[in-house]
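Subject: The structure you asked about

Hi there,

Here is the structure I promised to pass on. Have a look at it first, and my notes on what turned up follow underneath.

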Amino acid sequence: MTQETNKPVTSVSSATSGGDVMGVAVILGIGLLYSLFAAARASDPLMQFHSFIFLAAFVAAGFALIVHVSNPKPKSQSGYEYGVVKAGVIASMFWGIAGFLVGVVIAFQLAFPDLLYFENLPWTNFGRLRPLHTSAVIFAFGGNVLIATSFYVVQRTCRARLAGGLAPWFVFWGYNLFVVIAATGYLIGVTQSREYAEPEWYADIWLTIVWVVYLLVFLGTIWKRKEPHIYVANWFYLSFIVTIAMLHIVNNLAMPVSLTGSKSYSLFAGVQDALTQWWYGHNAVGFFLTTGFLGIMYYFIPKRAERPVFSYRLSIVHFWSLIFIYIWAGPHHLHYTALPEWAQTLGMTFSIMLWMPSWGGMINGLMTLSGAWDKLRTDPVIRMLVVSVAFYGMSTFEGPLMSIRAVNALSHYTDWTIGHVHSGALGWVAYISFGAIYCLVPWLWKRESLYSKAMVEWHFWISTIGIVLYITSMWVSGIMQGLMWRATNEFGFLEHSFVETVAAMHPYYIIRACGGTLFLIGALIMAYNLYRTIRGDVRDPEYQSALAPFRGMTPAAAE
C-alpha cells in the first residue's frame, strides 16, 4: 500500500548543491553562443528570427540565474517543491485556452473559407493555423499538464522533494521555450511537414536536452524516495517520459542543410519514412496522450474519491500489457499503402489486442468509486474525472475498430477520424486534465475550496454538450464522406464529384464549430473560477461545508 504524508520531508533545503547551477549555466552558455552565432550568420530570415528568440531567452535565463545565485532562498518549510507545479498549472490553462481558440477559428474557416483569410497574411490561413492548434493543445496544454502533475505526484507518493535543485525549473522554462519556437515556426512557415513532429531540427535538439533533464529529475526523485513502494502512477509517468524520448529522437533524425539554416532533410525516405512517422505518430498518442494521463487517473481519482484503487493488481497488468502492445500498433495508419501487407496486418492485430488492457484500465478507474458513487452527484470535479475515463473507454473501443482493414477502408481520410481523435482529446485528455487542475489549485494555493461549485457545473455541462455536438457531427460527416467517395453508378463511374462531398459536409462543419465554441466557453469559465480561487475568494459558502470530507484527505491508497 502506498502512503502519502502531509508531514514535511526530512533534510530538505532549497539551497542548491552547485551542480545544478553549473549544469544549467553550461547549457545556457552553449545555447547563448550558438544562438548569437546563428543570428549573425543565419542563411535565411526564418532561422535568424528563431535565433533571436533563443538569444533573448538565454539572456533572460542568465540574468535569472545570477539573481538566484546572489539571493539564495531560505529553507523550504513544506519540504516539497510546489513553485514549479504552480507555474505548470498556470501555463497549462494559458496554452489550453490559446489552443482551443485557434481550434475554433480553423473550425469556422472550414465552414466559411473566407473567414479570417487574408491573401497578404499567410499565417492566417488554415494550413498554418492547423498545426498550431494541434501542437498547442497536445504539447503546450497537455505537455504542461503532464509536467506539472508528474512533478506533484512523484513528490507526494515518494515523500521526497524534486531532485535537481534548479533542474525542474529548467525543464519547465525550457519546455515552454520549445513551445514558443514551435508555435512561431508554424506561423512563419518553418515545418518538417511531419504530423505531430513539425518543428525543425534545432527545436528538436533543444527539446531533447530538456527532455533528458526531465527524465533525470523524475528518476532522481524516485531514487531518493522515502516510501519503499513505487506507486503505479509513477510507472505510467515514467513510461511516458522514456518512450517519448525514444520516439522523438528516432523520428526526428535529420540532416540540416546548414547549421545556420532552418531547413533539414529526414534521414528516412519513402515507405520507411512513412512507417517511422506513424510509428512515432501513433505512439505519441499512445504514450503522450494515454500513459501519461493514465498516471493522472491513477492518482487523482483515488485521491479525490478518498477510495483505494479498485485493484492494484489490475493496474500493474494494465501497465505492462499496455506498454508492450501499444508500441506495435502504428502500422494501422498505413492500410492500403506501399507498406507491406504483413506489417499492416501486424499493426491491426496489435491494435485489436489493445482493447483488453485499455478496458482493464477503464474498469479499474471507474470501479475505484465503489462505495462512493454518491460523490458523482455532489462533486462536479469527480464527475469530470469519471466522465473522462468513460471517454477513454469509448475511444479505446473505437480506435481498434477503425484499425480493422475493412472498416479503415471507409473511415480513413474522412471526418470520422477527426471525430475519433477529438472524442479522445476533448473527452479523455482535456477532462482528466481539467479535473486534475481543479484538484491542484486549492491544494497548491492552500484554499478551502474552489471559488464556485456552480461554475464547475456550468463548465462541465457546457463543454460536454460541445463535445457531443463535435464528435457526433464528425461521425455523421465522416461516414457520409466515405460512402459518397466509394459510391458508383451502374456504369462503374464515381457517382459524386469531390466538390459535392464538400458541399454535403457544410452543415456538419457548422455544428462542429459550434461544439468547439462551447468547449472554449467552458474553459474560459474554468480559468475565471481558478483565478478567483487563487485570489482566495469563495462565492458559494455552502460549498465549503459540502467539501468538508475532502479537507485533510489521506492520499490515494493501493489495494
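Met93 is a good place to begin, and you will find this residue in helix α3. Please keep in mind throughout that the model is predicted. With a relative accessible area of 8%, Met93 is buried. What does Met93 touch once its neighbours within four places in sequence are set aside? Its contacts are Ile437, Ala523, Met526, Ala527 and Leu530. Another residue to look at here is Leu524: 431 residues separate Met93 and Leu524 in sequence, yet their C-alpha atoms are 9.1 Å apart in space.

Next comes Asn144, which sits in helix α4. Asn144 has a relative accessible area of 1%, so this residue counts as buried, the cut-off being under 20%. Its side chain reaches the backbone oxygen of Ala140 at a distance of 2.7 Å. Not counting residues up to four places away in sequence, Asn144 touches Gly88, Ala91, Ser92, Trp95, Phe139, Phe172, Tyr175 and Asn176.

Now for the charged pairs. Side chains of opposite charge can pair when their charged atoms come close. How many salt bridges does the structure hold? There are 7, and I will go through some of them.

One of them joins Glu81 and Arg161, with the closest N and O atoms 3.2 Å apart. Glu81 lies in the loop between α2 (45-70) and α3 (83-111), while Arg161 lies in the loop between α4 (126-158) and α5 (167-188), so the pair ties together parts that are 80 residues apart in sequence. Are these two residues buried or exposed? Both Glu81 and Arg161 are buried.

A second salt bridge brings together the side chains of Glu195 and Arg130, at 2.9 Å from N to O. This pair also links distant parts of the chain: Glu195 is in the loop between α5 and α6 (201-223), Arg130 is in helix α4, and the two are 65 residues apart. Arg130 has a relative accessible area of 26%, which makes this residue partly exposed.

Further along the chain, the side chains of Arg535 and Asp537 meet in a salt bridge of 3.5 Å, N to O. Arg535 counts as exposed, because its relative accessibility is 51% and the cut-off is over 50%. Arg535 and Asp537 also belong to a network of salt bridges that includes Arg532.

On to the aromatic side chains. A search of the whole structure turns up 46 aromatic pairs. Take Phe460 and Trp461: their ring centres are 4.9 Å apart and their planes stand at 80°, so this pair is edge-to-face. Phe460 is buried at 3% relative accessibility, whereas Trp461 is partly exposed at 47%. Phe460 and Trp461 are both members of one aromatic cluster, together with Phe100, Phe141, Phe391, Tyr431, Phe434 and Phe519.

His420 may also interest you. His420 has its place in helix α15 (residues 415-444), and at 18% relative accessibility this residue counts as buried. Its side chain makes a polar contact with the side chain of Glu398, at 3.0 Å. Leaving out residues up to four places away in sequence, His420 touches Ser395, Glu398, Gly399, Met402 and Trp475. The C-alpha atoms of His420 and Thr472 are separated by 9.6 Å, with the two positions 52 residues apart along the chain.

Last on my list is helix α8, which covers residues 270-305 and so has 36 residues. From its first C-alpha to its last, α8 reaches 50 Å, close to the 52 Å expected at 1.5 Å a residue. Where is the kink in α8 centred? The kink is centred on Asn283 and amounts to about 30°. Why can α8 be called largely enclosed by the rest of the structure? The reason is that 27 of its 36 residues are buried. After α8 comes Glu306, with a positive phi near 55°.

Those are my notes, so enjoy looking around the model, and write back with anything you would like to talk through.

Best wishes

Definitions and conventions:
Residues numbered from 1 in each chain as written. Predicted model: local features only at pLDDT ≥ 70, side-chain atom pairs only at ≥ 80, totals over all residues. Heavy atoms only, no water. Helix = DSSP H or I, 4+ residues; strand = E, 2+ residues; numbered from the N terminus. Expected span 1.5 Å × (residues − 1). Bend = angle between axes of the 7 residues up to and from the residue. Buried < 20%, exposed > 50% of the residue type's maximum accessible area, 1.4 Å probe, protein only. Contact = heavy atoms within 4.5 Å. Polar contact = N/O pair within 3.5 Å; in protein donor to acceptor, adjacent residues only side chain to side chain. Salt bridge = Lys/Arg side-chain N within 4 Å of Asp/Glu carboxyl O. Phe/Tyr/Trp six-rings, centres within 6.5 Å; stacked < 30°, edge-to-face > 60°.
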